[in-house]
Amino acid sequence: MPEKYLLAIDQSTQGTKAILFDHQKQIFWKTALSHKQLVNNQGWFSHDLDEIKNNLKKLFKSALEQVSADQIEGLAITNQRESAAAWSKRTGEPLCNTIVWQDNRAQKLIKRISYKELQEEVKNLTGLALSPYFTGAKWGWMLLNKPRVIQANQNNDLCLGTWIAG
């Protein structure tokens, strides 16, 4: 019976790593691809979701050159968590670049909607202060500023998440 492996994907701020672990929890194989850091003159941080998706496809293909698909018995994924992505429910295509976790472009939005009762409700529900750091604020910014996101929302074709895999 052939050896079985766990494929781990770490999609981080700087790039994507793929690692195959054997049953003894030892690294059998690993590789990585970096992606561009898109920073504009306002200090906004973004990533191109198509670049990340293409890197993932390359890494999956590379892993399958090391072992067969039936030898992979599990997949573990870690991602940027507070980065915000938007894509079409119908096509799976990204609607704009992801807003990276350290981006604070939603600061003005948070100031505009922040009032005492909302601050208290968010704090009571989450234990955290209302902040542009969180994905909800980033998605709110997209829904106000990105035409393709606005249109997809109006057409019930909007998916929001912290990571897109295709």
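User: Why is the pair D10 and K17 called a salt bridge?

Analyst: In this predicted model, the closest N and O atoms of D10 and K17 are 3.5 Å apart. The cut-off is within 4 Å for a Lys or Arg side-chain nitrogen and an Asp or Glu carboxyl oxygen, so D10 and K17 make the grade.

User: What makes D10 and K17 partly exposed?

Analyst: D10 has a relative accessible area of 26%, and K17 has 30%. Buried means under 20% and exposed means over 50%, so both values land in between.

User: How do you know that K53 is buried?

Analyst: Check its relative accessibility: 8%. Buried means under 20%, so K53 counts as buried. Its partner D50 comes in at 32%, which is in between the two cut-offs, so D50 is partly exposed.

User: Why does the pair D50 and K53 count as a salt bridge?

Analyst: Their closest N and O atoms are 4.0 Å apart, and the rule says within 4 Å, so the pair is counted. Both residues sit in helix 1, three residues apart, or about one turn of the helix.

User: What makes E93 and K53 a salt bridge, and which parts does the pair tie together?

Analyst: The closest N and O atoms here are 3.7 Å apart, and within 4 Å is what's needed, so yes, that's a salt bridge. E93 lies in the loop between strand 7 and strand 8 while K53 is in helix 1, so the pair ties together parts 40 residues apart in sequence.

User: Which residues are linked in a network?

Analyst: D50, K53 and E93 are linked by salt bridges: K53 pairs with D50 and also with E93.

Methods
Residues numbered from 1 in each chain as written. Predicted model: local features only at pLDDT ≥ 70, side-chain atom pairs only at ≥ 80, totals over all residues. Heavy atoms only, no water. Buried < 20%, exposed > 50% of the residue type's maximum accessible area, 1.4 Å probe, protein only. Helix = DSSP H or I, 4+ residues; strand = E, 2+ residues; numbered from the N terminus.
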